[in-house]
2 protein chains.
Amino acid sequence: MPDAIKVYDQLVKKIKEVTILESCESVLSWDERVNMPIKGAEHRANQMALLARLSHEMFTDPEIGRMLSDLKNSELAKGKDTPEAANIREIVYAYDKAVKIPKEWVEEYTRTTTMSQNAWVEARRKNDFALFLPHLKKVVELKKQYAGMVGYSNEPYDALLDDFEPGATVAGVKEIFGRFRNELVELVGRIKESSVRPDSSVLTRDFPIEVQQTFGREAVAAIGYDLEAGRIDQTAHPFCSGFGPGDVRITTRFNKNYFPQAFFGLLHEAGHGIYNQNLPREHFGTPLGRAVSLGIHESQSRMWENMVGRSRLAWQYFFPKAKEAFAQALAGVSADDLYFAINEVKPSLIRVEADEITYNLHIILRFELEHAIMKGEVKIEDLPAAWNEKFESFFAIVPPDDASGCMQDIHWSAGYFGYFPTYTLGNLYAAQFFARAQKDIPGLEVKFANGEFSPLKKWLSEQIHRRGRLYRADKLVEMVTGKALSHEPLMSYLKGKFTPLYRL
Amino acid sequence: MPDAIKVYDQLVKKIKEVTILESCESVLSWDERVNMPIKGAEHRANQMALLARLSHEMFTDPEIGRMLSDLKNSELAKGKDTPEAANIREIVYAYDKAVKIPKEWVEEYTRTTTMSQNAWVEARRKNDFALFLPHLKKVVELKKQYAGMVGYSNEPYDALLDDFEPGATVAGVKEIFGRFRNELVELVGRIKESSVRPDSSVLTRDFPIEVQQTFGREAVAAIGYDLEAGRIDQTAHPFCSGFGPGDVRITTRFNKNYFPQAFFGLLHEAGHGIYNQNLPREHFGTPLGRAVSLGIHESQSRMWENMVGRSRLAWQYFFPKAKEAFAQALAGVSADDLYFAINEVKPSLIRVEADEITYNLHIILRFELEHAIMKGEVKIEDLPAAWNEKFESFFAIVPPDDASGCMQDIHWSAGYFGYFPTYTLGNLYAAQFFARAQKDIPGLEVKFANGEFSPLKKWLSEQIHRRGRLYRADKLVEMVTGKALSHEPLMSYLKGKFTPLYRL
């Protein structure tokens with residue numbers, strides 16, 4: 001046992017270095033999106049490729065393999081819910097995957113997805129799927145190869161899903177999404193038939209950007225994003241990037257004539273940021289110092305954006321401030337008007353502009369399609385037709401073109417098959433966690449009305465953030481909520497919110 | 001020979017990787033100074049230390065040593081002014097130095113200088129040299145050890161000088177600085193006795209920062225700094241950082257009530273930036289793709305800042321624009337008034353605020369002192385007294401305290417002994433290059449009046465930038481100007497400029 005501890009300590013030291021090196025890559029990637037002058041792109045690609053290669057080499061060092069062999073059957077690995085056991089489990093898991101992927105595949109994949117993303121930009125701009133087609137085919141081919149190399153339990157798509165949501169399976173996702181989808185479609189139908197509509201034109205009035213900046217900054221600070229351990233920048237596509245303890249940055253984009261864009265975007269990214277800022281610093285560099293999965297990460301951003309940020313009681317707090325900041329735009333507008341406006345439900349073409357309810361239909365559609373692609377049931381050349389058909393059946397809208405249809409998202413061009421489901425998983429986790437928080441913290445939402453967001457943040461930190469990757473997502477959900485993941489908490493949250501709003 | 005070429009190509013490939021890795025460190029270092037939230041400092045230090053260690057390991061790889069052994073006596077190394085010969089010469093030079101320094105020393109040095117910089121900040125703030133003393137002693141001790149390890153021709157200080165200005169020696173610098181100093185003191189004396197004085201109060205009027213930003217941006221673009229391959233940010237201490245081809249960034253600081261700070265600072269940093277942006281891209285990663293030395297680098301920044309930026313004819317171009325931009329501040333001010341104001345000569349306490357003439361006295365003073373320290377002729381505990389005594393003899397001013405005396409600069413706390421001389425070497429190189437450019441480009445300065453700065457930029461690029469490190473500084477000066485470096489061009493430039501201004 002003392003020997004195993006020694007080996008474990010050496011392993012942790014080596015793994016921490018890999019993480020630190022990866023975190024350098026994160027800084028360069030953040031800088032690329034936030035600051036880099038256009039002519040720096042080629043050199044930046046060379047820098048990123050070198051760092052990626054070096055950290056891959058460092059991680060797949062056979063020395064690490066030997067340490068893991070020593071450790072994996074040691075007593076240390078058998079501890080129940082111990083940091084050591086969890087770290088060994090997760091490092092073995094990641095290592096076994098990494099060593100199965102030959103360097104040549106990684107290089108070809110990197111080259112292919114870089115080119116395919118460029119092709120996607122052009123194809124979308126020209127609204128010409130044919131330009132994207134050969135690239136997407138190649139990406140899918142490589143993804144299938146990847147699944148074959150790392151292995152899977154039932155079908156290749158399981159391997160892809162597992163990269164973003166470790167432990168998730170097609171069977172599990174299909175079951176939960178299937179039930180959720182039926183109830184969602186029904187709810188959307190009832191809302192459509194409602195005669196009540198918000199006046200959302202108030203959101204498109206004049207909201208000066210400098211005022212939005214201050215207002216948004218104060219809001220993210222209020223919910224608990226630490227600006228001394230982060231910063232806010234502007235980018236075309238908002239994101240959150242955590243480099244390590246004390247440095248977790250978020251970005252947003254401002255639209256002078258559309259208030260929700262920056263504000264809810266900021267709450268969303270700050271939700272990710274708060275998670276990263278509250279990971280256990282003492283475990284930084286090991287799996288214990290990391291977030292559980294993309295889905296759990298998304299649960300944090302969605303909770304702050306929607307369950308808190310779009311709640312009536314939080315607007316009790318925000319509304320007087322908004323009135324003061326945007327006096328002209330909000331003249332004659334009541335808190336209830338604004339609350340309804342920011343919660344308008346309206347089937348629409350574009351995922352990133354969708355409301356809290358229909359957003360999930362966008363995701364389920366993508367999940368079903370990418371799953372069919374990986375099974376070979378949908379050919380890439382038939383993707384536009386398959387997309388439009390499914391879209392009509394979900395939304396009763398036919399996309400007018402592929403640019404606003406199957407080419408609207410960057411994900412597939414970047415090789416992110418298996419990523420989309422984590423968005424709706426995030427919503428599901430969020431609702432289930434939130435329902436539990438409501439039980440654990442009496443008067444939780446009433447506190448929002450007074451600007452008291454710290455009880456929720458504290459609860460999330462204790463229950464989720466500070467645990468790092470001690471548990472996989474399914475186990476964590478059970479630990480925190482006492483139940484397996486289900487679509488019911490989210491459905492009941494949505495019904496509870498939208499039934500009175502739309503007088504259903 | 002074909003074998004040598006093969007080895008050379010392999011060497012270049014390996015060296016390029018080292019440079020790319022170092023350039024990642026530059027991005028992190030830039031980010032630290034420009035963007036990093038305060039709580040990110042500890043993690044950033046870990047990132048930087050890891051990258052530094054990895055690039056050191058990569059560069060001192062024995063495989064590189066073997067390649068260099070093969071190459072150093074090959075025909076390839078004997079080529080006259082060939083890129084291959086120059087690259088081999090410079091890589092051998094750097095490699096031989098690097099392998100002489102044990103990792104333990106590097107670690108101790110990094111730790112010591114980090115702590116010593118912190119101590120310096122506090123000691124300067126409290127104006128208490130005693131707080132800084134033990135740290136500075138340790139730094140000097142380590143620097144002496146360093147000189148002993150890498151070796152030197154005549155005295156330890158030679159080794160330190162060589163790090164910043166390869167090939168420079170105490171003997172050479174002493175001789176040129178000695179002669180220059182005498183003539184400088186004499187010129188300063190005559191200016192002091194002059195009855196003419198500019199009205200520099202005009203520079204301290206109200207110059208709105210946003211207007212300064214636009215004005216400065218247009219000025220650096222006008223002299224040839226490519227903003228698509230760079231950007232401008234704000235930092236407490238302005239600097240220029242070149243990550244690689246297409247990405248060379250500059251920073252500045254704005255003072256609403258002091259126009260010269262940001263404007264000449266920007267021209268200065270843009271001068272560095274133009275050099276970096278015009279290094280031969282095809283040699284990036286090898287010495288041929290690098291600047292010659294700190295002194296040659298400084299020659300570019302000083303030339304654009306002073307010889308161009310503070311010239312009467314450039315202000316023929318800038319003045320009407322300035323009048324328009326700063327209509328209120330410059331009301332009733334003539335181009336001649338402004339020209340005299342930005343060229344006021346006035347002995348003062350602080351180096352970074354000094355004028356074009358007395359600046360060099362600040363440098364020569366530091367050179368003489370640090371040289372004496374390294375020779376053991378001045379003890380660290382006696383530094384404040386030695387500084388004040390010398391300062392009085394140079395400037396006829398006694399520093400009121402150590403904060404504005406021997407503790408005003410960060411350099412020594414960071415271990416930069418041998419760095420200061422490169423500032424005045426830069427001025428000397430600049431004047432000698434500029435005199436040559438005047439010969440080669442008829443009507444050079446008259447062109448400035450029309451905003452034509454590209455002939456000078458083109459000349460500098462051909463003569464200096466595009467050559468990378470093909471020649472050492474002394475050789476480059478001879479190649480470009482036909483003569484060895486001398487103080488005469490700078491003296492004659494200064495006399496030519498200030499005699500009419502001060503009616504001497």
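**Close-up 1. B:Gly244 and its partner across the strands.** In this predicted model, B:Gly244 sits opposite B:Asp247, a residue of S3(B). The strands behind this view are S2(B) and strand S3 (residues 247–252) of chain B, which run antiparallel and are joined by 4 bridges.

**Close-up 2. The open sheet of chain B.** Step back a little and you get 3 strands in an open sheet, ordered S1-S3-S2 (chain B), with mixed pairing. Strand S1 (232–234) and strand S2 (240–244) of chain B are the edge strands, so to speak: each pairs on one side only. On average, neighbouring strands of this sheet are turned by 25 degrees against each other, direction ignored.

**Close-up 3. Where chain A meets chain B.** Both chains chip in here: 30 residues from chain A and 30 residues from chain B make up the contact. On the side of chain A that touches chain B, helix H1 (2–34), helix H2 (41–59) and strand S2 (240–244) of chain A each put in at least two residues. H1(A) gives the largest share of that side, with 8 residues. Sorted by character, the residues of the side of chain A that touches chain B come out as 14 nonpolar, 9 polar and 7 charged.

**Close-up 4. How the two copies are related.** Turn chain A by 180 degrees, with 0.0 Å of shift along the rotation axis, and it superposes on chain B with an RMSD of 0.0 Å. That is just how a two-fold axis relates things. The same surface does the job in both copies, as 100% of the contact residues of chain A recur in chain B.

Key
Residues numbered from 1 in each chain as written. Chains lettered and ligands numbered in written order. Predicted model: local features only at pLDDT ≥ 70, side-chain atom pairs only at ≥ 80, totals over all residues. Least-squares fit on C-alpha atoms with pLDDT ≥ 70 in both. Contact = placed C-beta atoms within 7 Å. Pairing = 2+ DSSP bridges. Axes fitted to C-alpha atoms, helices over the stretch in contact; angles between N-to-C directions. Nonpolar A, V, L, I, M, F, W, Y, C, P; charged D, E, K, R; others polar.
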